[in-house]
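Subject: Structure for you to look at

Hello,

Please find the structure below, handed over for your own reading. My notes on what was found in it come after.

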Amino acid sequence: MKKLKFYLIGLIPGLAIVFFVLNKKGASCSGYLPNSRVIAETLSKDFKYSETFKAEMNTLKIDEKFLKDSIITNGKVDFDRSHAQKKPCPDYLLVYPKENPTYEITFDKCEETATLNTLKKLK
């Protein structure tokens with residue numbers, strides 16, 4: 001019982017210190033999941049828009065800021081309907097929001113650019 005008490009006396013403050021240090025540095029584990037990685041890589045690339053995508057953005061009155069800050073950043077990649085292993089540019093299908101999706105976007109993620117191909121309003 002004494003060993004357990006000493007173990008907990010060291011473990012609890014140690015966890016608290018690690019939590020506060022990592023929290024101040026802005027570290028998180030969410031960037032390691034496939035959905036987060038695809039979105040982060042896509043946002044780091046130069047965006048190109050197909051003509052149909054531009055037309056649909058105008059029709060739905062969606063600006064580039066809302067597209068990047070909300071739809072892509074908070075969207076969910078549907079890996080079942082995407083081709084992540086396609087060479088040289090994998091293509092993905094992204095839905096937004098994650099629950100009860102309203103928008104659906106298809107895009108190609110190449111080495112230097114992300115080409116947004118289609119935008120659909122689902123509801």
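Read from the start of the sequence to the end, the protein chain follows the pattern α-α-β-α-α-β-β-β-β. That makes four helices and five strands. Please keep in mind that this is a predicted model.

Overall shape. The C-alpha atoms of the protein chain fill a box of roughly 70 × 30 × 25 Å along the principal axes. The radius of gyration is 20 Å, whereas a compact globule of 123 residues would have one near 14 Å. Of the 123 residues in the protein chain, 30% are buried.

The helix at the start. Helix H1 covers residues 2-25, and Leu 8 is found in it. Leu 8 also belongs to a nonpolar surface patch of about 760 Å², together with Met 1, Leu 4, Tyr 7, Leu 11, Ile 12 and Leu 15. Is Leu 8 buried or exposed? Neither word fits: its relative accessible area is 37%, so Leu 8 counts as partly exposed, because buried means under 20% and exposed means over 50%.

Strand S1. In a regular strand the side chains alternate between the two faces of the sheet. Strand S1, residues 46-49, shows this alternation. Phe 47 and Tyr 49 point to one face and are buried. Asp 46 and Lys 48 point to the other face and are not buried. Strand S1 runs parallel to S5, and four bridges join the two. Within this pairing, Asp 46 stands opposite Thr 113 in S5.

The disulfide. A disulfide is a covalent bond between the sulfur atoms of two cysteines. How many does this model have? The count comes to one disulfide. Cys 89 is joined to Cys 110, with an S to S distance of 1.9 Å. This pair links distant parts of the chain, 21 residues apart. Cys 89 sits in the loop between strand S2 (76-77) and strand S3 (91-96). Cys 110 sits in the loop between strand S4 (103-109) and strand S5 (113-121). Both Cys 89 and Cys 110 are buried. Why is the disulfide called right-handed? The torsion about the S-S bond of Cys 89 and Cys 110 is about 115°, and the disulfide is therefore right-handed.

When you open the model, you could begin with Leu 8 in helix H1, go on to strand S1 and its alternating side chains, and end at the disulfide between Cys 89 and Cys 110.

Regards

Conventions:
Residues numbered from 1 in each chain as written. Predicted model: local features only at pLDDT ≥ 70, side-chain atom pairs only at ≥ 80, totals over all residues. Heavy atoms only, no water. Disulfide = S-S within 2.5 Å. Buried < 20%, exposed > 50% of the residue type's maximum accessible area, 1.4 Å probe, protein only. Patch = residues over 30% accessible without salt bridge, like charges linked within 9 Å, V, L, I, M, F, W, Y side chains within 5 Å. Areas by Shrake-Rupley, 256 points an atom, 1.4 Å probe, with all protein chains shown as cover. Salt bridge = Lys/Arg side-chain N within 4 Å of Asp/Glu carboxyl O. Pairing = 2+ DSSP bridges. Rg over C-alpha atoms; globule rule 2.2 N^0.38 Å.
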